[in-house]
Amino acid sequence: MSEETGQGSRAPIARHGRLGRGHPARHALGLIGIVMAVVLVSATSVAAIATWQVFRQGKPAVAFQVMGPSGKATAAPEISAYSGEVNMLVVATDTRTGQGAGFQDAANQAASSGAGNNDTNLLIHINKDHTSMAVISLPRDLEVAFPACKNDQGGTTPATSQAMLNTALDRGGDKLGLSCAAAAVSELTGVQINYGALITFDGVVSMSTAIGGVTVCLATPLVDDNVTPALDLPAGNVPLVGAEAGAFLRSRHGVGFGGDTARISNQQVFMSSMMRQIVNGGVLTNPVKLYGLASTALKNVELSNTLDAATLVKIGVAIRAIGLSNIVFLQYPSVDDPADPNRLVPDEAGVAALKQALQSNQRIQLSPDSLGQSAVLAPGATATPAPSATTPAAGATGSASPSGSASPSPSSSAAVLPSTATGQDASQQTCTAKK
């Protein structure tokens, strides 16, 4: 469970996955996943011809089986710049296979090889009228039931009643692991997943550099020598770029109470800050910057064969029009596993509320005092900003639908999730803190 503690007096929470010093490559996943979730879809709003050029630079597509709850899948909805539900799974693997000479030793290969472990799992959900977006982080330590799925050996990996979520890729293998992960996440969220992306940690530094750096707020100094490079950052507004940004996103011991849920919360602080910089800093109206971001991202990701350049452009245009206060970053509703304090299990009430919101395409709102474990409000920031009506962002292409009507407004009231779903919206100004 990862609840906000900066505003109240809750007791420290279990340190999920708080292990000893690990190889830096294992924890270099956050930046890549975040860039995919926030930058790639935004960067694809650059002119379609440029997107096609960038797309051709990318890696070969990954075979992907569209997944629906209980194994039932229908045709993907037609997406335009104004309508069509989007559910895209972004998975980052810690595999050492193919990651260069520094990772070919026996210790690295024994730690993770082949498909690897899916240590970062992000579901990007855009509702059908493109008035809200949710980026849902599913913890690697979550104990879940897995449905049966096809594997690379031509057989079927049988269903299991309980296993860690980060074993999903290995269940399918190099080629079909992403589909296995999608099957599990579809069951956990109740939505059909039509698109996927698979990422390794190779190129982390280059991608963070392409962002141009992100300024984050630190409520307390951040000291962590369990990452590479080691961090010794002062409190205040700190610009991060390159390897230092990657280390910040990998940090567990230097934020919150430590562990994977602390890292997720820290990444949410970074994601919201980065999104504000992208929207308010003119990046979306700068074709050169957008092209650089998209090019770097696509060189470091394998997209599903259901996700083409035209679809990426439509998703990018949709996101540009949503508005920061209608974009929420949240951790999947979860609580401590009674049998193991280093593991999590789904919170039934929270999951039911989340599934209802996603399936009915409601805008998601977090409950008061539900900031993540590593986050506190920035001085003068609003605890729960009121969501805005959806209007096109500055520089967006078009403000009317094909029929000439204005861009749609939210079609339903917000669904307020319980405090077991932690996070913040993209407009909310927060600071990272050690607790």
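Helix axes are lines fitted to C-alpha atoms over the stretch in contact, and the angles between them run from 0 to 180 degrees between N-to-C directions. These terms describe the helix pairs reported below for a predicted model.

The protein has 10 helices and 21 strands. Of its 435 residues, 58% are buried. Long-range contacts are prominent in the count: among contacts with a separation of 6 or more, 76% join residues 24 or more positions apart.

Two packed helices are described by the angle between their axes and the distance between the axes. Helix α6 covers residues 242–250, and helix α7 covers residues 260–280. Their axes come within 8 Å and cross at roughly 135°. Angles from 65 to 115 degrees count as roughly perpendicular, and those over 145 as roughly antiparallel. The α6 and α7 pair is therefore oblique. On the α6 side, the contact is made by Phe248, Leu249 and Arg250. On the α7 side, Arg263, Asn266, Gln267 and Phe270 take part. By class, this contact has 3 nonpolar, 2 polar and 2 charged residues.

A second pair consists of helix α4 (residues 168–189) and helix α10 (residues 348–359). Here the axes come within 8 Å and cross at roughly 100°. That angle makes α4 and α10 roughly perpendicular to each other. Glu187, Leu188 and Thr189 are the α4 residues in the contact. They meet Val351, Lys355 and Leu358 of α10. The residues of this contact divide into 3 nonpolar, 1 polar and 2 charged.

Helix α7 was also examined by itself. It has 21 residues. The distance from its first C-alpha to its last is 30 Å, close to the 30 Å expected at 1.5 Å a residue. The helix is mostly covered, with 18 of its 21 residues buried. Asn266 lies in α7. Its relative accessible area is 0%, so Asn266 is buried. The side chain of Asn266 makes a polar contact of 2.6 Å with the side chain of Thr432. Beyond residues up to four places away in sequence, Asn266 touches Phe248, Ser251, Val255, Ser374 and Thr432. Phe248 belongs to α6 and is part of the α6 contact with α7.

Ser374, a contact of Asn266, is found in the loop between β17 (364–366) and β18 (375–377). Ser374 counts as buried because its relative accessibility is 0%, under the 20% limit. Its side chain reaches the backbone oxygen of Ala262 at 2.7 Å. Ala262 is also among the residues that Ser374 touches, with residues up to four places away in sequence not counted. The others are Val255, Gly256, Ser265, Asn266, Cys431, Thr432, Ala433 and Lys435. Val255 and Thr432 thus appear in the contacts of Ser374 and in those of Asn266.

Helix α9 spans residues 309–320. At 1.5 Å a residue, its 12 residues should span 16 Å. The end C-alpha atoms are 17 Å apart, which agrees. Of the 12 residues in α9, 10 are buried, so the helix is largely enclosed by the rest of the structure. The buried residues are Ala309, Thr311, Leu312, Val313, Ile315, Gly316, Val317, Ala318, Ile319 and Arg320.

Thr311 is also a contact of Ile79. Ile79 has its place in the loop between α2 (48–55) and β1 (86–93). With a relative accessible area of 6%, Ile79 is buried. Apart from residues up to four places away in sequence, Ile79 touches Gly84, Glu85, Val86, His130, Tyr195, Thr311 and Lys314. The C-alpha atoms of Ile79 and Asp129 are separated by 10.0 Å. These two residues are 50 residues apart along the chain.

Ser161 offers an exposed case. This residue is found in strand β7 (residues 160–164). Ser161 counts as exposed because its relative accessibility is 65%, over the 50% limit. Leaving aside neighbours within four places in sequence, Ser161 is in contact with Val144 and Ala145. Ser161 and Val144 are 17 residues apart along the chain, and their C-alpha atoms are separated by 7.1 Å.

Technical notes. Residues numbered from 1 in each chain as written. Predicted model: local features only at pLDDT ≥ 70, side-chain atom pairs only at ≥ 80, totals over all residues. Heavy atoms only, no water. Helix = DSSP H or I, 4+ residues; strand = E, 2+ residues; numbered from the N terminus. Buried < 20%, exposed > 50% of the residue type's maximum accessible area, 1.4 Å probe, protein only. Polar contact = N/O pair within 3.5 Å; in protein donor to acceptor, adjacent residues only side chain to side chain. Contact = heavy atoms within 4.5 Å. Parallel < 35°, antiparallel > 145°, perpendicular 65-115°, else oblique. Nonpolar A, V, L, I, M, F, W, Y, C, P; charged D, E, K, R; others polar. Expected span 1.5 Å × (residues − 1).
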